[in-house]
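Please open the structure in a viewer with secondary structure displayed and residue selection enabled. The tour below proceeds by selections, each followed by what is to be found there.

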Amino acid sequence: MKERSRVEQFESIRRDRRDEQLSIRALARRHGVHRRTVRQALADATPPPRKSAEREAAAFGPYEELVTGWLTADLDAPRKQRHTARRVWQRLVEEHGAPVAESTVRPHVARLKVEVGLVRREVMVPQTHPAGEGAEVDFGQFEASIAGVVLRLWMFIMRLSHSGRAVHIAYANQAQESFLDGHVRAFEALGGVPSGMIRYDNLKPAVLRCLLGRERFENPKFVALRSHYGFESFYCRPGVEGAHEKGGVEGEVGRFRRRHLTPVPHLPTLAALNEAMAAADARDDARRIGARRDTVGAAFEREAVLLNPLPDSRFDASTPLSCRVDMKARICVRQSYYSVPASYAGRRVAVRLGADTVSAFDGGAVLASHVRSLHKGTEDLVLDHYLEVLTRKPGALAGATALANARAGGSFTQAHQDFWDAARRHLGDKDGTKALVGALLLHRTLPPSALAAAMREAIASGRFDADRLAVTARTHLAAMTEPAPPIPLPGTAIPDGTRPIPSLAGYDQLLTGELA
């Protein structure tokens, strides 16, 4: 009989007793129940719960004591050589001929492991996090399509423990430069630094070796970051046992991946992906965590004023390297190639490897700066780095990888191609290509718009000399800028601060007349 029917039956018994004053025997006869049931109905309007039948495990019961002995002996056995439910079942069948299924053995083994102490039911103690004090950091893996190629990427996450406000940044790896750069950008996004502890698992960029207990041998670069921003670090227990010690960010990895990275995002660059993730972080300010009264954004507004201020200088998260420039004017960094000026071929240069940039230096001067490649074995070659070589080897330009990269990146435009075609028709392949190289060299000192106008005039006039091209470009540049202040007449006083800056632009007229 269903519980609702029993309640209605109890109601009928109590009503008949109240209205007709029937005896217990009469009530039992009328309702077809035992007199014990009538007494229960008269004593309480709510039926008592039914007793569940206690059944013996007919198949497993005879072997329970034996299995308990095996599991008790496992307390002294190596952890990786203890009985699993499958091994218990196999031994019962092979050694004792037990007619029992593996599915029957499994729940009993799970229960007995708890009873003998092989498995502990760990209880978590709820924590309260004061505003502005704590945060948690972790990496999470996901996939995204960047420029049409599906890549496995890593998401750096810093989550404030009080408000739940989190910053998510995508990187191509979990290397130290990504780990440190994630901190720098996360602190800037939050507008401050937690005043207490930031919780970590034992990532290699932070921990070189786990010692006894909570002691760690830390990475010196991470120690420098911690000293720069003035926070404390707390390391969780290694492995799964310590995951709950930073459970907020552990759950944040999956939540953000399901909410904002499903379906797989398709974006042209990693920078565009990070812009989309920053916009997702802003939208998350309107969400509520569990049954909290305030939104994440409202709680963060109260917490933000309690964060420690950012230091005056930005921490340099890049990794210093020393690389030899090969005879193709390239340096190899993390199995990808990047160009530097050809004059440095065969020499060693200093390199700063950042999370998303690769920069080469000669002393304090920047030789080249590239966006860090997401793929191994790629070549990021800049055409400008090879122009001095191409003046001596013009025949190498047509098939140059740097030229193909310049076309793909948009720096080698249709105006350059038209100039090159016209110069080769008038001067031949060799001299026409040299004229183009001369025009490309002018990009180092002249803006593209003025040089494009000069190249159009050169095509119209059939004059492709680099010096004439420079003069024409400067003329267009002067027309696009504000006119120079008038030169005062002799004897006229010049007010302080109004003396014009000296210029040699007027001498271009002499060069124009000479070439004419």
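Begin with strands β1 (residues 135-146) and β2, which pair in the antiparallel sense over 12 bridges. The model is a predicted one, and this pairing is the starting point of the tour.

**Along strand β2**

Select Glu 143 and, opposite it, Arg 152 in β2. Then move to the turn: the hairpin of β1 and β2 has two residues between the strands, and Ala 147 there adopts a positive phi near 55°. Next, colour β2 itself, residues 149-160, by accessibility; the strand is mostly covered, with nine of its 12 residues buried.

β2 also pairs with strand β3 (residues 166-171), in the antiparallel sense and over six bridges. To locate the register, select Met 155, which has Ala 170 of β3 opposite. Five residues lie between β2 and β3 in their hairpin, and Gly 164 in the turn shows a positive phi of about 85°.

**Helices α7 and α8**

Now select residues 176-190, helix α7, together with residues 220-229, helix α8; their axes are 11 Å apart and meet at an angle of about 10°. The two helices are therefore roughly parallel to each other, since an angle under 35 degrees counts as such. Show side chains for the contact: α7 supplies Gln 176, Phe 179, Leu 180, His 183, Val 184 and Phe 187, and α8 supplies Lys 221, Phe 222, Leu 225 and Tyr 229. By class, seven residues of this contact are nonpolar, two are polar and one is charged.

**Helices α2 and α3**

For another helix pair, go to α2 (residues 24-31) and α3 (residues 35-43), where the packing angle is about 110° and the axes are 9 Å apart. α2 and α3 are therefore roughly perpendicular to each other. On the α2 side, select Ile 24, Arg 25, Leu 27 and Ala 28; on the α3 side, select Arg 35, Val 38, Arg 39 and Leu 42. This contact divides into five nonpolar and three charged residues, with no polar ones.

**The sheet β10-β11-β15**

Select the three strands of the open sheet, which run in the order β10-β11-β15 with mixed pairing. β10 (330-333) and β15 (379-380) are at the edges with a single partner strand each, so one side of each has no neighbour in the sheet. Between β11 (residues 336-339) and β15 the pairing is parallel, over two bridges. Tyr 337 and Glu 379 of β15 stand opposite each other.

**Arg 372**

Continue to the loop between β14 (365-371) and β15, where Arg 372 is found. Is Arg 372 buried or exposed? Its relative accessible area is 12%, so Arg 372 is buried. Display the side chain of Arg 372 and follow it to the backbone oxygen of Gly 354, at 3.0 Å. Beyond four places in sequence, the residues touched by Arg 372 include Asn 173, Glu 177, Arg 334, Tyr 338 and Asp 356.

**Thr 433**

Finish in helix α15 (residues 429-441), by selecting Thr 433. Thr 433 counts as buried, because its relative accessibility is 4%. Which backbone oxygen does the side chain of Thr 433 reach? The partner is Asp 429, at 2.7 Å. Leaving aside residues up to four places away in sequence, Thr 433 touches Pro 394, Leu 397, Trp 420, Arg 424 and Gly 428.

Conventions: Residues numbered from 1 in each chain as written. Predicted model: local features only at pLDDT ≥ 70, side-chain atom pairs only at ≥ 80, totals over all residues. Heavy atoms only, no water. Axes fitted to C-alpha atoms, helices over the stretch in contact; angles between N-to-C directions. Helix = DSSP H or I, 4+ residues; strand = E, 2+ residues; numbered from the N terminus. Parallel < 35°, antiparallel > 145°, perpendicular 65-115°, else oblique. Contact = heavy atoms within 4.5 Å. Nonpolar A, V, L, I, M, F, W, Y, C, P; charged D, E, K, R; others polar. Buried < 20%, exposed > 50% of the residue type's maximum accessible area, 1.4 Å probe, protein only. Pairing = 2+ DSSP bridges. Polar contact = N/O pair within 3.5 Å; in protein donor to acceptor, adjacent residues only side chain to side chain.
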